[in-house]
Amino acid sequence: MGKAAILQNQTNIRIYNQVRIIELFKEGPKSCSDLAKILNLSNTAVERIVDELASNNIVELDKNPEGQNKRGRRPDIYKINKDFGVVAGVDLSGRDAIICISDLDNNILARDEVKNVFIYDENIFNEIGEKIKRMLQLDCCEGKKLLNITIASPGKINPTDYSYVYAPRIKDYSKTNLHDFYKKMFGVHVYVYNDVNIGLIGERKYGKSIDNAKNVFFVHIDITAGSALILNNRLYYGANGFAGEINSFNDFDNISTDLNNWRFLTITDVCVETREQANRDPSHPLFNREQVKFEEVCDLLESGDPLVTRVVEKIAKYEALQLLCVNNILDLDDLVIEGKILLLGDKFKQMIQKYYVEFDNNHNNAKILFSNITGNAIILGTIYQAINRAFLRQFEKIIVKKSNDSVFKLDEYFHDSI
């Protein structure tokens, strides 16, 4: 929902300003006068909002503010109350499921993983739940209320009830609902988002590759691949909420020998193609191998192995062509690549840049950018969104308490904070 639509009544204006103030508190402690100057609001209006947040324990006085002159009357400095509660973020996008517990000031208190998962089933989901329970009992988390669990999952997810429309990495996906599963286990709010959409938010918030571009294509390439879009400075979901599922057209066991299929190649494709080529060369160190590890490919590429270099160059040509096709359709500012594919290193990046220019007959201006938080964009975006949802839920409670409107639902107006 756009700003104009949100600011149609006083309740929404108050929530909108609460959101803005919390975003500034995320940057560090501030006084009400600091906030008023930044937001161009009156001191009285800001003090009223901050007092309300403080009375609900969302923010608190900073008793030991840094850099303050001790002479004269000092303004009160407020900060986010780190002890208000914690959120759990779960990233199911890669080979390893990542689980993090964070406070509301974006400090990651605990992290764990479930290793080597390709297909998720009920046993894995139970294991993730048990890990969350154990993490909540750690000294850094003990006694702090779990506010929500936010999950970044591969696949097409219905935004209204969090059911899966299509998710090949989720066993029996049509019968699986992670919202219901974890809500029953923990009794808290649970949110499930497409992993790559969340990754784009993480990239924009914490990465250095995207500046203030208003039109961005973001592709996450790991054992699978997916994409997300920012168009006109807003995350674009599409008519049915499924924009970005570019690799859902075809499922191949092996990569194509031509460049006619519409999909990005993954690290699985890199390993399969390397194995196939190496098995034709008895002198190669990977000859007669049933399985090739991605780390081995990276090491051989770095050492200048000719066979691996040819394979990676083929992959780079393929990725460059896909990026060019996307940009020819959408005319973007930036094209961002993120994911473990970037562990192939600078040689791979240079190949992509080279072939993008070589294939380009339209003189495109879009820049190809490479994430500097590879492997972390999705979990960071998940935690960021979990914290956003936790704050929005508290704002909803404040409105309900003040208005005695027990049916007020914040999502009706704000829908989503990303």
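**Note on side-chain contacts and strand pairing**

1. Glu27 belongs to helix α2, which covers residues 10-27. The model under review is predicted. In this model Glu27 is exposed, with a relative accessible area of 61%. Glu27 also has a spatial relation to Asn106: the two are 79 residues apart in sequence, and their C-alpha atoms are 9.9 Å apart in space.

2. Glu27 takes part in a salt bridge with Lys30, in which the closest N and O atoms are 3.9 Å apart. This separation qualifies because the rule admits a Lys or Arg side-chain nitrogen within 4 Å of a carboxyl oxygen of Asp or Glu. The two partners are placed in contrasting surroundings: Lys30 has a relative accessible area of 12% and is therefore buried, whereas Glu27, at 61%, is exposed. By the salt-bridge rule the count for the structure comes to 16.

3. A second salt bridge is formed by Arg111 and Glu113, whose closest N and O atoms are 3.3 Å apart. Arg111 is partly exposed, with a relative accessible area of 43%. Glu113 has a relative accessibility of 21% and so counts as partly exposed; the category of buried requires a value under 20%. Arg111 and Glu113 also belong to a network of salt bridges that links them with Asp96 and Lys115.

4. Helix α5 (residues 122-136) contains both Glu130 and Lys133, which are 3 residues apart, or about one turn of the helix. These residues form a salt bridge, with the closest N and O atoms 3.4 Å apart. Glu130 is partly exposed at a relative accessible area of 35%, and Lys133 is partly exposed at 32% relative accessibility.

5. Lys133 has a further contact, with an aromatic side chain. The charged end of Lys133 sits over the ring of Phe186, at 6.0 Å from the ring centre. Arg169 supplies another contact of this kind, lying over the face of Phe118 at 5.3 Å from the ring centre.

6. What is the number of aromatic pairs in the structure? The structure holds 8 of them. One is formed by Tyr120 and Phe125, whose ring centres are 6.0 Å apart; the planes meet at 10 degrees, so this pair is stacked. Tyr120 and Phe125 are both buried. Ring pairs also join Tyr120 and Phe125 to Phe181 and Tyr182 in a cluster.

7. Another aromatic pair consists of Tyr206 and Tyr384. Their ring centres are 6.2 Å apart and their planes are at 85 degrees, so the pair is edge-to-face. This pair links distant parts of the chain, 178 residues apart: Tyr206 is in helix α7 (residues 195-206), and Tyr384 is in helix α12 (residues 377-403). Tyr206 is partly exposed, with a relative accessible area of 27%, while Tyr384 is buried, with a value of 12%.

8. Strand β12 (residues 225-231) is mostly covered, since 6 of its 7 residues are buried. Strand β11 (residues 216-221) runs antiparallel to β12 and is joined to it by 6 bridges. One of the bridge pairs places Val216 opposite Ile230 of β12. The connection from β11 to β12 is a hairpin through 3 residues.

9. Strand β12 is also joined to strand β13 (residues 234-236), by 3 bridges and in an antiparallel arrangement. Here Leu231 has Arg234 of β13 as its bridge partner. The hairpin of β12 and β13 has 2 residues between the strands, and in this hairpin Asn232 takes a positive phi near 55 degrees.

10. Three points may be kept together when the model is inspected. Lys133 forms a salt bridge with Glu130 and has its charged end over the ring of Phe186. The Lys30 and Glu27 bridge joins a buried residue to an exposed one. Strand β12 pairs with β11 through 6 bridges and with β13 through 3 bridges.

Definitions and conventions. Residues numbered from 1 in each chain as written. Predicted model: local features only at pLDDT ≥ 70, side-chain atom pairs only at ≥ 80, totals over all residues. Heavy atoms only, no water. Buried < 20%, exposed > 50% of the residue type's maximum accessible area, 1.4 Å probe, protein only. Helix = DSSP H or I, 4+ residues; strand = E, 2+ residues; numbered from the N terminus. Phe/Tyr/Trp six-rings, centres within 6.5 Å; stacked < 30°, edge-to-face > 60°. Lys NZ or Arg CZ within 6 Å of the ring centre and 35° of its normal. Pairing = 2+ DSSP bridges.
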